[in-house]
Amino acid sequence: MSSVKTSISTSNNTISATAKLWEPKDHIPNSVKEFLDLTQPNYLLGLLNVIQQLKIQKRTGWLDYGMSVAESESISDHMYRMSIISMLISNPNVNRDKCMRIALVHDMAEAIVGDITPVDAIGKEEKHRREWETMKYVCNELIKPVSEIAAREIMEAWLDYERIESLEARYVKDIDKYELLVQCFEYEKKHNGKLNFQDFFSTVENIKTDEVIKWTKELISLREKFFASLYK
Ligand SMILES: Nc1nc2c(ncn2[C@H]2C[C@H](O)[C@@H](COP(=O)(O)O)O2)c(=O)[nH]1
Ligand SMILES: [Mn+2]
């Protein structure tokens, strides 16, 4: 059991506590475990139930702002539209198929870790540690028994995104932010401006590629016109 020792000194003694580190194996849904615990484990169905968690888990950012679970998009909804947006890249130097693959796997760890927002108390370092441990678990324990090549490709695509090692990963990082902002605007319009995700737009400064910057500027201009029209 991996753990971290912490101690708090008080006036008359030192209280030490051993906090258990978060590990993916302690958070595998029972619906996945039932396939892995079979006499003949069915890794394919176990994996597909992990992917099911992405289809049913709603993105935390919307829930934080009081949106209902019913109307909030799921993690896989977000990755699907990012994959479609990846097909629209016009830069001939970009391998769009590679972008689509990165988009489809970049948040895969959230199936077990959950969707941690940039404002969550957990913090970036612990978020990345949990996601890294989870991707190792999913790739080595679930995907590899089904397809060694798929396990390698998915881990490679995920690491590429994390480390932004390729031009394609750079584009997908931008598309991750752009897709979020498109979703913000869609929800703001649906709620006639009663919902306002202005805080999310601080991420605009982190968008680096010219093409996605251009898309984002057009989105922002339309959003500004929408909100201006509400106060006419
Ligand atoms: N409460 C806030 N949540 C935010 C903000 N910016 C993004 N988010 C949400 C959106 C997603 O639920 C999650 C991150 O998504 P990834 O695609 O990066 O996994 O965080 C914000 O400013 N406030
Ligand atoms: Mn994402």
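## Pockets, manganese site and two helices

About 1,000 Å³ of space lies in the largest pocket of this predicted model. I116, T117, P118, D176 and T203 are the closest to the centre of this pocket, out of 31 lining residues. One of them, D176, is also among the protein donors of the manganese ion (ligand 2).

**Largest pocket**
- Four elements each give two or more residues to the lining of the largest pocket: α3 (60–64), α7 (124–143), α8 (148–163) and α9 (167–190).
- By class, this lining comprises 14 charged, nine nonpolar and eight polar residues.

**Second largest pocket**
- The volume of the second largest pocket is about 160 Å³.
- Its lining consists of L47, I51, L54, S76, M79, Y80, L104, V105, M108 and I154.
- Two or more of the lining residues come from each of α2 (43–56), α4 (75–87) and α5 (96–105).
- Nine residues of this lining are nonpolar and one is polar, while no charged residue is present.

**Manganese site**
- The manganese ion (ligand 2) has as protein donors H78 and H106, each through NE2, and D107 and D176, each through OD.
- These donors lie 2.1 to 2.3 Å from the ion.
- Along the chain, the donors follow the spacing H-x27-H-D-x68-D.
- H106 has a relative accessible area of 2%, which is under the 20% limit, so this donor is buried.
- D107 is likewise classed as buried because its relative accessible area, 9%, falls under 20%.

**Helix α9**
- The 24 residues of α9 should span 34 Å at 1.5 Å a residue, and the end C-alpha atoms are 34 Å apart, which agrees.
- Helix α9 is mostly covered, with 20 of its 24 residues buried.
- N192 follows α9 and has a positive phi, near 50 degrees.

**Helix α10**
- Helix α10 (residues 210–230) has 21 residues, for which a span of 30 Å is expected at 1.5 Å a residue; the end C-alpha atoms are 31 Å apart, which agrees.
- The buried residues in α10 include E211, V212, W215, T216, L219, R223, F226 and F227.
- These residues cover an arc of only 130 degrees around the axis, and therefore they lie on the same side of α10.
- An α-helix has 3.6 residues a turn, so residues three or four places apart point the same way.
- The exposed residues D210, K217, E224 and K225 are carried on the face of α10 turned away from its buried side.

Terms used:
Residues are numbered from 1 along each chain as its sequence is written. Chains are lettered from A and ligands numbered from 1 in the order in which they are written. This is a predicted model: local features need pLDDT of at least 70, side-chain atom pairs count only at pLDDT 80 or more; totals for chains, interfaces and linings use all residues. Side-chain values use heavy atoms; hydrogens and water are left out. Donors are N, O and S atoms within 2.8 Å of the metal (3.2 Å for Na, K and Ca); water is not among the atoms, so sites may look incomplete. Buried means under 20% relative accessible area, exposed over 50%, partly exposed in between (1.4 Å probe, protein chains only). On a 1 Å grid over the protein atoms alone, a cavity is a set of points where a 1.4 Å probe fits but cannot get out, and a pocket is an open set with protein on both sides within 12 Å along at least five of seven lines; lining residues have an atom within 4 Å of a point. Grid points are joined across faces, edges and corners, and a volume is the space filled by probe spheres set on the points. Ala, Val, Leu, Ile, Met, Phe, Trp, Tyr, Cys and Pro count as nonpolar, Asp, Glu, Lys and Arg as charged, and the others, Gly among them, as polar. The expected span of a helix is 1.5 Å times one less than its number of residues. The arc is that of the directions from the helix axis to the C-beta atoms.
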